[in-house]
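Let's walk through this structure together, one piece at a time. Keep the viewer open as you read.

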Amino acid sequence: MGYDEASYTDVEPKAPGMYFLREALDCAELGVTVVEGDADWDGMEHDHAEDGQEEVYVLLEGEATMDVDGASVALAAGDAVRVDPESSRTLSFEADGSRMVVAGAP
């Protein structure tokens, strides 16, 4: 078959509000995650220096802040930011009902 499909609502969250779709979509390289949270949701600081994964964060609803290597990037619905693998990043939601899609691949 030339495609796979999945609904993130059918995937067991790996952490509160984080739905990883790589396995559900049988992706070989690409990781896709849906993140939902309220104004008190904070992600963990991390980078992808070891696996070389570049990531793109697209905010669909709400407000968020990405801290990338000490720089703060404010995001409104519709905004996207790309992060280099070596860069440290932390995501925080600033509004209730926020939703984001994160895609990453080496």
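A strand here is a DSSP run of type E with at least two residues, and strands are numbered from the N terminus. By that rule, Thr65 has its place in strand S4. Keep in mind that you're looking at a predicted model. Is Thr65 buried or exposed? Buried means under 20% relative accessible area, and Thr65 counts as buried because its relative accessibility is 15%. If you want a distance to check in your viewer, try Thr65 and Asp47: they sit 18 residues apart along the chain, and their C-alpha atoms are separated by 16 Å.

Next, the sheet. Strands of a sheet pair through backbone hydrogen bonds, either parallel or antiparallel. In this model there's an open sheet of 5 strands, ordered S1-S2-S8-S3-S6, and the pairing is antiparallel. Which strands stand at the edges? They're S1 and S6 (80–83); each has a single partner strand, so one side of each is left without a neighbour in the sheet. On average, neighbouring strands of this sheet are turned by 20° against each other, ignoring direction.

Zoom in on the S6 edge. S3 and S6 run antiparallel and are joined by 4 bridges. Val58 stands opposite Ala80 in S6, and Val56 has Arg82 of S6 as its bridge partner. The side chains along S6 alternate: Val81 and Val83 point to one face and are buried, while Ala80 and Arg82 point to the other and are not. So the two S6 residues paired with Val58 and Val56, Ala80 and Arg82, belong to the face that is not buried.Now for the interior. In soluble globular proteins, nonpolar side chains tend to be buried together. The largest nonpolar core in this model has 14 residues, and those with the most contacts inside it are Met66, Leu91, Phe93 and Met100. The elements giving two or more residues to this core are S3, S4 (63–68), S6, S7 and S8. Which strand gives the largest share? That would be S4, with 3 residues.

There's open space to look at too. Rolling a probe the size of a water molecule over the atoms shows where empty space is left. The largest pocket holds about 430 Å³ of space. It is lined by 21 residues, and the closest to its centre are Met18, Phe20, Thr33, His46 and Glu55. Two or more lining residues come from each of S1 (18–20), S2 (31–37), S3 (54–61), S7 (89–93) and S8 (98–105). S2 gives the most to this lining, with 4 residues. What kinds of residues make up the lining of the largest pocket? They divide into 10 nonpolar, 8 polar and 3 charged.

Finish with the backbone in two loops. Most residues other than glycine have a negative phi, and most peptide bonds are trans. Asp26, in the loop between S1 and S2, has a positive phi near 55°. Asp26 counts as exposed because its relative accessibility is 60%, and the cut-off for exposed is over 50%. Asp69 has a positive phi as well, near 50°, and is found in the loop between S4 and S5 (71–76).

Technical notes:
Residues are numbered from 1 along each chain as its sequence is written. This is a predicted model: local features need pLDDT of at least 70, side-chain atom pairs count only at pLDDT 80 or more; totals for chains, interfaces and linings use all residues. Side-chain values use heavy atoms; hydrogens and water are left out. On a 1 Å grid over the protein atoms alone, a cavity is a set of points where a 1.4 Å probe fits but cannot get out, and a pocket is an open set with protein on both sides within 12 Å along at least five of seven lines; lining residues have an atom within 4 Å of a point. Grid points are joined across faces, edges and corners, and a volume is the space filled by probe spheres set on the points. Ala, Val, Leu, Ile, Met, Phe, Trp, Tyr, Cys and Pro count as nonpolar, Asp, Glu, Lys and Arg as charged, and the others, Gly among them, as polar. Two strands pair if DSSP finds at least two bridges between them. Axes are lines fitted to C-alpha atoms, for helices over the stretch in contact, and angles run from 0 to 180 degrees between N-to-C directions. A nonpolar core is a set of buried Ala, Val, Leu, Ile, Met, Phe, Trp, Tyr and Cys residues joined through side-chain atoms within 4.5 Å. Buried means under 20% relative accessible area, exposed over 50%, partly exposed in between (1.4 Å probe, protein chains only).
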